[in-house]
Each structure stands twice: as structure tokens, then as C-alpha cells.
Amino acid sequence: KLGEYFAALVAARRKNPGDDLASALITASVDGEYLPEEVIISFLRQLVNAAGDTTFRGTSVFLTGLLSDPKQLDALRRDRSLMPQAIEEALRWESPVASTVRQATRDTELGGHKVRKGDRIYAVIGSANRDERYFPDPDRFDILRPRTHRNIAFAIGPHICLGQHLARLEMTRAVNAILDRLPNLRWDEDEPAARMSGGVLVGRGPDALHVRFD
């Protein structure tokens with residue numbers, strides 16, 4: 001159904017381009033060569049998941065960390081300049097995508113293990129972001145943690161997530177709105193505590209956030 005919807009959208013934008021992303025993809029060219037329609041449709045399908053599912057999970061993880069430590073929540077409420085580093089800590093603490101798959105393009109060695117060209121590697125992002133060699137006391141959520149090393153929640157290299165900046169912007173907007181509009185936000189102690197679940201395909205985050213506010 002999404003394929004049919006986006007095919008119709010692409011056809012409509014070809015006739016009447018606008019200032020939207022679909023129009024930009026349709027009209028973009030390199031040396032006179034345009035993107036094939038199936039590539040445009042595939043890209044739009046991916047955006048539905050990437051810009052929605054992982055962002056709401058990342059935001060939910062962020063709120064879980066803040067609600068679990070009222071002092072940090074209050075610090076962020078009072079000083080919004082802490083928002084960028086707080087978001088990076090949330091992404092490190094519980095990455096929305098906990099693992100991914102890569103394929104070796106040449107023979108190499110990783111951590112003493114030989115990897116042959118063509119081997120598929122199951123890279124656990126969540127584990128790397130809690131490597132105690134780079135992040136002291138890695139299981140602790142701390143928005144004031146010194147940023148001596150970057151997290152890899154959005155991967156790195158040529159396969160880095162193209163939507164990472166949009167995700168950070170959406171998380172910023174969402175949490176700022178919540179802090180502005182929900183005074184004395186806190187856990188609802190009459191409901192079960194938040195529980196993290198999920199992995200690579202379904203995304204990782206809390207199953208629910210039961211809260212109260214004044």
C-alpha cells in the first residue's frame with residue numbers, strides 16, 4: 001500500500017513539483033541522470049520508519065533517563081543549553097537501534113578475529129556505546145558526562161544515518177514542549193516501571209511511560 005501511495009505521489013510531483021522532499025528527490029540529477037523511480041519510492045518508504053519509529057523511541061528513552069533522575073530532569077528544565085549533550089547521552093545510554101549488520105569488503109582482522117571478504121558482521125551498537133574503556137560507569141545515565149568520545153547511535157562512516165540531524169531536532173522540540181507544558185512531570189508510582197525492550201528491527205525503547213504532572 002505504501003508503494004502504491006508513493007508511486008502516485010511521485011507521479012503527481014513530476015507534473016507539479018513543490019518545495020517538499022519528494023519533489024527534491026524527483027528533480028535532483030547528477031550529470032543529467034535522475035534517480036530511478038524505484039529508488040525514490042524505496043527512499044520515501046525508509047523515511048516513514050526512520051523519521052518516525054526510531055525518533056519516538058529515542059525520545060522515549062531520553063524521557064526514561066530524565067524521569068529516573070529528578071535532579072537531572074530539573075537541571076535540564078532550568079538550563080535548556082544542556083539539551084544537546086543530554087540528547088547525546090540518551091542516544092549513548094540506550095540507542096534506538098541496538099544493532100546492525102555490515103558486510104566485509106575485504107579480508108581484515110578485528111579484535112584478533114579474522115574476517116574474510118564477504119563475511120557479514122553483526123555489530124552491536126548498544127554494546128559499543130557502553131564500552132567502559134570510553135565511557136566510565138557506562139550503565140549510568142548522566143547528562144553532565146564529559147563528552148570525550150562520541151556515541152555511534154547513528155553508526156559511522158559511509159553508512160551513517162542521514163536522518164540523524166532531523167532526529168536530534170525532533171527530540172529537542174518534543175522534550176522542550178513536554179518540559180514547558182507538563183509541570184512537575186514524574187513517574188506514576190501506581191503503574192509499572194518503564195521496561196526497555198526491542199532490538200534491531202523493531203527498535204529499542206520503553207514499552208510504556210506512565211507519568212503524572214500537575
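The following exercises, each with a worked solution, concern the predicted model shown above.

Residues are numbered from 1 along each chain as its sequence is written, and side-chain values use heavy atoms, with hydrogens and water left out. Because the model is predicted, local features need pLDDT of at least 70 and side-chain atom pairs count only at pLDDT 80 or more, whereas totals for chains, interfaces and linings use all residues.

**Exercise 1. Overall description**

State how many helices and strands the protein has, and what percentage of its residues count as buried.

Solution.
- Step 1: The secondary structure comprises eight helices and ten strands; helices (H or I, at least four residues) and strands (E, at least two) are DSSP runs, numbered from the N terminus.
- Step 2: The C-alpha trace spans about 55 × 50 × 30 Å along its principal axes.
- Step 3: Of the 214 residues, 32% count as buried; buried means under 20% relative accessible area, exposed over 50%, and partly exposed in between (1.4 Å probe, protein chains only).
- Step 4: Among contacts with a separation of 6 or more, residues 24 or more positions apart account for 62%, where contact means heavy atoms within 4.5 Å.

**Exercise 2. Two helix pairs**

Determine how α4 is oriented towards α3 and towards α6, and which residues make each contact.

Solution.
- Step 1: Two packed helices are described by the angle between their axes and the distance between the axes. Axes are lines fitted to C-alpha atoms, for helices over the stretch in contact, and angles run from 0 to 180 degrees between N-to-C directions.
- Step 2: The axes of helix α3 (residues 37–50) and helix α4 (residues 53–67) come within 4 Å and cross at roughly 15°. The two helices are therefore roughly parallel to each other; angles under 35 degrees count as roughly parallel, over 145 as roughly antiparallel, 65 to 115 as roughly perpendicular and the rest as oblique.
- Step 3: V48, N49 and A50 of α3 meet D53, T54 and T55 of α4. By class, this contact has two nonpolar, three polar and one charged residues. Here Ala, Val, Leu, Ile, Met, Phe, Trp, Tyr, Cys and Pro count as nonpolar, Asp, Glu, Lys and Arg as charged, and the others, Gly among them, as polar.
- Step 4: The axes of α4 and helix α6 (residues 83–93) come within 9 Å and cross at roughly 105°, so α4 is roughly perpendicular to α6.
- Step 5: On the α4 side the contact is made by V61, F62, T64 and G65, and on the α6 side by M83, A86, I87, A90 and W93. Its classes are seven nonpolar, two polar and no charged residues.

**Exercise 3. Empty space**

Identify what lines the largest cavity and what lines the second largest pocket.

Solution.
- Step 1: Rolling a probe the size of a water molecule over the atoms shows where empty space is left. On a 1 Å grid over the protein atoms alone, a cavity is a set of points where a 1.4 Å probe fits but cannot get out, and a pocket is an open set with protein on both sides within 12 Å along at least five of seven lines; lining residues have an atom within 4 Å of a point. Grid points are joined across faces, edges and corners, and a volume is the space filled by probe spheres set on the points.
- Step 2: The count comes to one cavity of 30 Å³ or more. The largest cavity is lined by T54, T55, G58, L91, P96, F154, A167 and M171, and α4 gives the largest share, three residues. This lining has five nonpolar, three polar and no charged residues.
- Step 3: The second largest pocket holds about 680 Å³ of space. Its lining has 21 residues, of which R102, L110, I121, A123 and I156 lie nearest the centre. The elements giving two or more residues to this lining are β3 (100–103), β4 (108–110), β6 (120–123) and α7 (125–128).
- Step 4: By class, the lining of this pocket divides into 13 nonpolar, six polar and two charged residues.

**Exercise 4. Positive phi**

Locate D137 and N184 and state the phi of each.

Solution.
- Step 1: Most residues other than glycine have a negative phi.
- Step 2: D137, not a glycine, has a positive phi of about 50°. D137 lies in the loop between α7 and α8 (164–181) and is partly exposed, at 44% relative accessible area.
- Step 3: N184, likewise not a glycine, has a positive phi of about 55°. N184 is in the loop between α8 and β7 (186–187) and is partly exposed, at 40% relative accessibility.
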